[in-house]
Amino acid sequence: MILQIGLVILLIIGFVIISRIISNSIVLFGRKKAVADVRVSYVIKMLQLGLIAIGVLLTCLILGVGYGQLEVFFSSVFAVVGIALFAQWSILSNITASLIIFFGFPYHVGDWVKVVDKDEEILGQIIDISSFHVIIQRLSGDVVTYPNSLILQKPVIRFVDEKAARNMSQLMDKVTDQKEQ
């Protein structure tokens with residue numbers, strides 16, 4: 001029993017150390033990419049939640065909880081969570097897309113972009129990247145809330161500045177006018 005308690009204490013110390021290393025790495029990465037502090041804290045919380053789940057599993061194994069008991073518990077939890085997320089699959093895909101955007105999205109708040117979408121012209125400045133959406137303010141002042149999962153599926157054109165975006169908008173207007181004539 002003393003050995004098990006010692007292992008659990010080591011596990012907790014390891015968890016704290018790994019958690020701090022990951023948190024500091026994400027903060028540095030966020031500063032390097034000029035990401036908002038809110039997004040950095042969101043990503044840290046998501047990864048810490050995963051670490052906690054792994055820590056609980058390892059603690060149960062150290063304390064001698066049988067594989068069969070863990071299997072029943074986790075299969076029940078995953079069944080409930082799976083049904084809930086299946087009903088709202090877009091939430092899960094947007095959360096996953098949010099993490100991908102944090103680590104690999106080449107655009108930042110303040111960039112002028114055009115999302116190539118056949119149904120709608122979405123050209124403007126990114127004013128926020130939230131957990132579920134990229135918020136784009138159009139040249140007209142309208143605000144478009146574009147889901148994270150969709151922006152990863154569509155081509156996105158980044159402009160050097162507002163002037164280049166306006167020139168593209170005017171060019172698109174001319175092309176549209178010529179098609180109508």
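In this predicted model, the residue Ala 34, just after helix α1, takes a positive phi of about 55 degrees. A similar feature follows helix α2: Gly 64 comes after that helix, and its phi is also positive, near 90 degrees.

**The helices α1 and α2**

Helix α1 covers residues 2–32, and its end C-alpha atoms are 45 Å apart; because 31 residues at 1.5 Å a residue should span 45 Å, the two values agree. Helix α2 reaches 36 Å from its first C-alpha to its last, which is close to the expected 38 Å. The table sets out these values.

| Helix | Residues in helix | End-to-end C-alpha distance | Expected span |
|---|---|---|---|
| α1 | 31 residues | 45 Å | 45 Å |
| α2 | 26 residues | 36 Å | 38 Å |

Within α1, the buried residues are Val 8, Ser 19, Ser 23, Ile 26 and Gly 30. Those of α2 are Arg 39, Val 40, Tyr 42, Val 43, Ile 44, Leu 51 and Gly 55.

Ser 19 may be examined in more detail. This residue lies in helix α1. Its relative accessible area is 9%, and because buried means under 20%, Ser 19 is classed as buried. Leaving aside neighbours within four places in sequence, Ser 19 is in contact with Gln 48 and Leu 51. Ser 19 and Ile 44 are 25 residues apart in sequence, while their C-alpha atoms are 8.8 Å apart in space.

**The largest pocket**

Rolling a probe the size of a water molecule over the atoms shows where empty space is left. The largest pocket of this model has a volume of about 450 Å³. Its lining is made of 16 residues, and those closest to the centre of the pocket are Leu 49, Gly 50, Ala 53, Phe 78 and Val 81. The elements that give two or more residues to this lining are α2 (37–62), α3 (67–87) and α4 (89–104). Helix α2 provides the largest share, with seven residues. By class, 14 of the lining residues are nonpolar and two are polar, whereas none is charged.

Helix α4 also holds Ser 90. With a relative accessibility of 31%, Ser 90 counts as partly exposed. The C-alpha atoms of Ser 90 and Ala 164 are separated by 34 Å, and these two residues are 74 residues apart along the chain.

**The nonpolar cores**

In soluble globular proteins, nonpolar side chains tend to be buried together. The largest nonpolar core of this model has 14 residues, and the ones with the most contacts inside it are Val 115, Ile 126, Val 134, Ile 136 and Ile 151. The strands β1 (112–115), β2 (122–129), β3 (133–138) and β4 (143–147) each supply at least two residues of this core. Strand β2 gives the largest share, three residues. A second, separate core has seven residues, including Ile 26, Val 40, Val 43 and Phe 102.

The surroundings of Val 134 illustrate the larger of these groups. Apart from neighbours within four places in sequence, Val 134 is in contact with Ile 101, Ile 126, Asp 128, Ile 129, Val 144, Thr 145, Tyr 146, Asn 148 and Ile 151.

**A buried residue in a loop**

Asp 117 is placed in the loop between β1 and β2. Its relative accessibility is 19%; since the limit for buried is under 20%, Asp 117 counts as buried. With neighbours within four places in sequence left aside, Asp 117 is in contact with Ile 122, Tyr 146 and Lys 154.

Conventions. Residues are numbered from 1 along each chain as its sequence is written. This is a predicted model: local features need pLDDT of at least 70, side-chain atom pairs count only at pLDDT 80 or more; totals for chains, interfaces and linings use all residues. Side-chain values use heavy atoms; hydrogens and water are left out. On a 1 Å grid over the protein atoms alone, a cavity is a set of points where a 1.4 Å probe fits but cannot get out, and a pocket is an open set with protein on both sides within 12 Å along at least five of seven lines; lining residues have an atom within 4 Å of a point. Grid points are joined across faces, edges and corners, and a volume is the space filled by probe spheres set on the points. Helices (H or I, at least four residues) and strands (E, at least two) are DSSP runs, numbered from the N terminus. Ala, Val, Leu, Ile, Met, Phe, Trp, Tyr, Cys and Pro count as nonpolar, Asp, Glu, Lys and Arg as charged, and the others, Gly among them, as polar. The expected span of a helix is 1.5 Å times one less than its number of residues. Buried means under 20% relative accessible area, exposed over 50%, partly exposed in between (1.4 Å probe, protein chains only). A nonpolar core is a set of buried Ala, Val, Leu, Ile, Met, Phe, Trp, Tyr and Cys residues joined through side-chain atoms within 4.5 Å. Contact means heavy atoms within 4.5 Å.
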